[in-house]
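The following note sets out numbered points for a colleague who has the sequence and the coordinates at hand. It begins with the ligand and then turns to individual residues.

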Amino acid sequence: MRVGRLRERLRAATSESHERLHRHPGLAAAASGAIDLSGYRALLMRLYGFHRPVDAGMGAHALLTDETPRSRLLESDLQALGVARDQQDVLPRCATLPLLTDDAQALGALYVVEGSALGGAAIARAVAPVLAPLEGDGCRFFSNDSGKRRGWPQLLVRLESLSGESQEQATIDAAVATFLAFEAWMKDWAPKTDARPFCV
Ligand code: HEM
């Protein structure tokens, strides 16, 4: 019951960011299937620049979930899209993330990255025709690893372990800060659909 209330608070505190992200040109194009292969690959490269440092920042709190970090799914998708690991390693990365100094703050960041996987299924369906020419999958990130991911239910269990208002508020503040960092990272960025930085 307490987790239900905390989740409501998390959702309410981040809903404006979430709504704004629905209108982001790159994400909206993917969600409506109005993106080509080049734009999709560029979007994943940009998302990788956020998810890899977020996952690294949560590394010290790895016991919060035993699920594969979402940046690993992006690495697999990028590989399928022709972006090799050495090319992934030199992609720009977000350097203005909130510091996650304890588990309560790390749970706030986990809420954002695992929550964003929930809406991914619809995006996976929308981009399926775009990815049809690929031999590899290319859509593990959005498809939530074909719906097998356990990160969200594990997050809800971990939220139970928070004790008291100050810890809950720390989780909410970290979730809001992570959303804002993501918005800033994606701001003014849109896939250049004619750009083909790497060949499939
Ligand atoms: C166009 C892009 C997006 C769409 C269409 C979308 C859609 C959705 C949908 C349908 C849900 C509810 C899923 C469910 O309850 O089963 C959801 C939840 C959520 N999404 Fe998104 N989303 C998008 C982008 C993002 C992004 C970029 C983030 C964060 C970086 C994000 C964070 C979240 C979170 C945290 C939740 C969980 C909310 C809660 O129930 O507590 N979403 N999204």
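1. How far does a polar side-chain atom of Tyr111 lie from an oxygen atom of the ligand? In this predicted model, the separation is 2.7 Å. A polar side-chain atom of Arg7 likewise lies 2.7 Å from an oxygen atom of the ligand. Both Arg7 and Tyr111 belong to the group that comes nearest to the ligand, together with Arg11, His18 and His22.

2. The iron atom of the ligand deserves separate mention. His18 is its only protein donor, through NE2, at 2.1 Å. This histidine is found in helix H1, which spans residues 2–22.

3. The backbone also takes part in the surroundings of the ligand. A polar backbone atom of Gly115 is 3.3 Å from a nitrogen atom of the ligand.

4. As to the shell as a whole, 17 residues surround the ligand. By class, 10 of the shell residues are nonpolar, 5 are polar and 2 are charged. At least two shell residues are supplied by each of helix H1, helix H2 (25–32), helix H6 (103–118) and helix H10 (165–186). The space that the ligand takes up is the largest pocket.

5. Glu67 merits inspection away from the ligand description. Its place is in the loop between helix H3 (37–57) and helix H4 (70–80). Glu67 has a relative accessible area of 12% and is therefore buried, the limit being under 20%. The Glu67 side chain reaches the backbone nitrogen of Arg150 at 2.7 Å. With the side chain of Thr68, the side chain of Glu67 makes a polar contact of 3.5 Å.

6. Ser143 and Asn144 may be read together. Ser143 lies in the loop between helix H7 (120–131) and helix H8 (144–147), whereas Asn144 is found in helix H8. Ser143 counts as buried because its relative accessibility is 17%. Asn144 also counts as buried, since its relative accessibility is 15%. The side chain of Ser143 reaches the backbone oxygen of Cys139 at 2.8 Å. For Asn144, the backbone is the point to check: this residue has a positive phi of about 65°, although it is not a glycine.

7. Asp188 calls for a similar check. This residue is not a glycine, yet its phi is positive, at about 60°. Asp188 is placed in the segment after H10. Is Asp188 buried or exposed? Asp188 counts as exposed, because its relative accessibility is 75% and the exposed class begins over 50%.

8. The last point concerns Leu99, in the loop between helix H5 (85–89) and H6. Leu99 has a relative accessibility of 70% and so counts as exposed. Its C-alpha atom is separated by 9.4 Å from that of Met58, and the two residues are 41 residues apart along the chain.

9. In summary, two items are suggested for a joint look at the model. At the ligand, these are the iron atom with His18 (NE2) as its only protein donor, and the oxygen atoms of the ligand at 2.7 Å from polar side-chain atoms of Arg7 and Tyr111. In the backbone, they are the positive phi values of Asn144 and Asp188, of which Asn144 is buried and Asp188 is exposed.

Notes:
Residues are numbered from 1 along each chain as its sequence is written. This is a predicted model: local features need pLDDT of at least 70, side-chain atom pairs count only at pLDDT 80 or more; totals for chains, interfaces and linings use all residues. Side-chain values use heavy atoms; hydrogens and water are left out. A residue is near a molecule or strand if one of its heavy atoms lies within 4 Å of it. A polar contact is a pair of N or O atoms within 3.5 Å; within protein, one must be able to donate a hydrogen and the other to accept it, and residues adjacent in sequence count only if both atoms are side-chain atoms. On a 1 Å grid over the protein atoms alone, a cavity is a set of points where a 1.4 Å probe fits but cannot get out, and a pocket is an open set with protein on both sides within 12 Å along at least five of seven lines; lining residues have an atom within 4 Å of a point. A molecule sits in a cavity or pocket if more than half of its atoms lie within 2 Å of its grid points. Helices (H or I, at least four residues) and strands (E, at least two) are DSSP runs, numbered from the N terminus. Ala, Val, Leu, Ile, Met, Phe, Trp, Tyr, Cys and Pro count as nonpolar, Asp, Glu, Lys and Arg as charged, and the others, Gly among them, as polar. Donors are N, O and S atoms within 2.8 Å of the metal (3.2 Å for Na, K and Ca); water is not among the atoms, so sites may look incomplete. Buried means under 20% relative accessible area, exposed over 50%, partly exposed in between (1.4 Å probe, protein chains only).
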